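Here are a few notes to read alongside the structure, since you are new to it. Have the 3D view open as you go through the points.

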2 protein chains.
Amino acid sequence: MVSERSLEVLRVIVQDYIASREPVGSKSIVDRHSFGVSAATIRNDMALLEEEELIAAPHTSSGRIPTDKGYRVFVDQLADLRPLTSAQRTAIETFLGASTDLDEVLSRTVRLLSQLTHQVALVQYPSLSRSRIRHIELVRLSSSRMMTVLITDTGRVEQRLIDIPTELGDLFLEELRTKLNSSLGGLGLAEAAEKLAALPTQFSRDSAATVELITVALIEQVLANRSDKLVMAGAANLVRTEEDFSGSIYPVLEAIEEQVTLLRLFGEMAPDQNGFAVSIGQENASFGLGETSVLTSGYSTSSGELSRLGVLGPTRMDYSNNMAAVRAVARYLSRLLGEN
Amino acid sequence: MVSERSLEVLRVIVQDYIASREPVGSKSIVDRHSFGVSAATIRNDMALLEEEELIAAPHTSSGRIPTDKGYRVFVDQLADLRPLTSAQRTAIETFLGASTDLDEVLSRTVRLLSQLTHQVALVQYPSLSRSRIRHIELVRLSSSRMMTVLITDTGRVEQRLIDIPTELGDLFLEELRTKLNSSLGGLGLAEAAEKLAALPTQFSRDSAATVELITVALIEQVLANRSDKLVMAGAANLVRTEEDFSGSIYPVLEAIEEQVTLLRLFGEMAPDQNGFAVSIGQENASFGLGETSVLTSGYSTSSGELSRLGVLGPTRMDYSNNMAAVRAVARYLSRLLGEN
DNA sequence: ATTGGCAGTCTGAGTAGGCGAGTGCTAAAG
DNA sequence: CTTTAGCACTCGCCTACTCAGACTGCCAAT
């Protein structure tokens, strides 16, 4: 059984270790905090915590550091949600204030989050799947190449390049565009994909092949999900915190350059009722990120679609501050992309 | 005066140092290369090279390493343009084979270049400034927010979000869109910007303000230059080559996360008649990149616009291999985006 | 349950010494 | 004038060693 005071000891061990990066001993605890008991008592508590595998000693006679399990208890039960400083609030407002297009907003968001937390920041693109087709544009770039552009009513814009074997008349293209827009405009994505698949049969044999090329591209665009894309900033921070990793940080950097890995990680995180989730140390081992922690929060867009953003850093990170920052930025981004 | 053989000595010093990361001494030179002379002779040559500041000794009695000036001579006069291995050729073809949209092509290119060189790879977006307006789309996202999309005949797609204070009728929007497309379609960018600026005066007083908001956004889009954007890959490679930097690589990583810095650097490089340029060590000092070298090559798109791509890495990098890779990828990308 | 005291353990910094690679110089040879 | 062999000398690096300091675990007393 872990007593009330033992948990308090765990808290100060986590806090002091995060602040100093040095194993914390019983003496320094009674010095820096007013527990009203002696070092020997603290030592007894620490023995208990070690029993529970919440802390560990790197060497026989040295202070203790929190284990992953210890961080978990800290995050779940002990971390005080430190409110943002006014400087941080100002940073959020000024940084995200003037919104332009989605790319720009997300790019600013990720840089902001990285600055606030001094960690690697990640923002996933919103999925925007519940949208309807607004406009389709066909652009001829050269004699053998064209481009299709799809615009939805949620503001998503998708483009594709196509190589076309046979020469295409401008007239034909114009006709096809008109046809596409009149028959697909306003449709949901699933319906649109169906109609597109049926389209080539309506054309004469010699143009059907080309139309097929175009419809295939459009179907891809219709079904493409931008939430398989994310932006990242602050990779340099991993280098700054290099000492927090046992080996080289090279494999860590490699892992986070692989977007697929991060998207899977995002997908497997189990958010609480507020959409917030924390994954600590070895919990990420299968992604090659066993020495890092990931904090994420969901955010939502006007069309009600959910996506995620968060930060990644060494297991020994400032959870209190970073959790508050991730939460605040997610809230602010939701507001910015939201209805009102 | 630097003799023929001395330059040959410089070449092998650069090559051996690149291969081993260790100062190379006179003995190891005669051992590994067949100069037909004794170590003492090599030492005399090395004294000459040191006189010319092409090589330097880190410590009084140790081998020599090339100076920045030495690398410069190597790159300009001595580097053999090693042809790509067949594996590398295959990699280029398979990686860039299936082209989809521009974002995807550039993203693949940068990852490919990073893999071929084991360095940080950079690809600047093409500027595409000589294009004409193809289509303008206005999309209402919510009661107080809309989006403008601009498509040019070169396949550039720009989008902007706008907050609108007054409610907008669908009818009005439809009308405005028709008007915009009929009056601007086919125009060059400069003319289009002029016409747009004049547009609000044609509307009644109460709608002019809203139209103004929209035209301002469109003018921004028309004049926006995507070549102020670039993609990067392989930052992890900098960590792998950490030993090549005297201090921490943190400031280097910070510098390359700042896109503006890299774009200025790209802009200041002086390409030769093939569009190829190399900037070595201290030549980049003003960008905080005094211990890195940058190799870039221009590439061109179908509309004849030029842009740049390249790699960045420690001054002690494999110039022969990397120069060949940058050249090859630039050529291939030009072909892919080019006319035929 | 808490405390003071004490012996034991381990780290990390600091020091000394020896090894080896490599140089510069000189004098002789081609 | 260039090349070569020989030699004394210089340093960086590695290993071994010591020593002070920090902390623990345990025990007996409160």
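1. A term to settle before the DNA: helices here are DSSP runs of H or I with at least four residues, numbered from the N terminus. Keep in mind, too, that this is a predicted model.

2. With that in hand, which helix gives the most to the surface near DNA strand C? It's H3(B), which puts in four residues. Helix H3 (39-51) of chain A and helix H2 (26-32) of chain B also supply at least two residues each.

3. Zooming in on that surface, there are 21 residues around DNA strand C, and the ones that come nearest are A:Val37, A:Thr41, A:Thr60, A:Ser61 and B:Gly25. Sorted by class, the surface has 13 polar residues, five nonpolar and three charged.

4. H3(A) deserves a look of its own. This helix has 13 residues and spans 18 Å from first C-alpha to last, close to the 18 Å expected at 1.5 Å a residue. Its buried residues are A:Ile42, A:Asp45, A:Met46 and A:Leu49. Why do they sit on the same side of H3(A)? Because they cover an arc of only 105° around the axis.

5. What do those buried residues pack against? Their partners, within chain A, are helix H1 (4-20), helix H2 (26-32) and strand S1 (55-56). On the face of H3(A) turned away from the buried side you'll find A:Ala40, A:Ala47 and A:Glu51, which are exposed. After the helix comes A:Glu53, with a positive phi near 60°.

6. Now step back to chain A as a whole. The chain has 13 helices and ten strands, and its C-alpha atoms fill a box of roughly 90 × 40 × 35 Å along the principal axes. The radius of gyration is 27 Å, whereas a compact globule of 340 residues would come in near 20 Å. Buried residues make up 40% of the 340 in the chain. Of the contacts with a separation of 6 or more, 61% join residues 24 or more positions apart.

7. Last, the two protein chains: 33 residues of chain B are in contact with 33 residues of chain A. On the chain B side, strand S4 (133-142), strand S5 (145-152), strand S6 (157-163), helix H10 (236-240) and helix H11 (250-257) each supply at least two residues. S4(B) has the largest share, with six residues. By class, this side of chain B divides into 15 nonpolar, nine polar and nine charged residues.

How values were computed. Residues are numbered from 1 along each chain as its sequence is written. Chains are lettered from A and ligands numbered from 1 in the order in which they are written. This is a predicted model: local features need pLDDT of at least 70, side-chain atom pairs count only at pLDDT 80 or more; totals for chains, interfaces and linings use all residues. A residue is near a molecule or strand if its C-beta atom, placed from the backbone, lies within 6 Å of it. Ala, Val, Leu, Ile, Met, Phe, Trp, Tyr, Cys and Pro count as nonpolar, Asp, Glu, Lys and Arg as charged, and the others, Gly among them, as polar. The radius of gyration is taken over C-alpha atoms; the globule rule is 2.2 Å times the number of residues to the power 0.38. A residue is buried if 20 or more other C-beta atoms lie within 10 Å of its own, exposed if 12 or fewer, and partly exposed in between; C-beta atoms are placed from the backbone. Two residues are in contact if their C-beta atoms, placed from the backbone, lie within 7 Å. The expected span of a helix is 1.5 Å times one less than its number of residues. The arc is that of the directions from the helix axis to the C-beta atoms.
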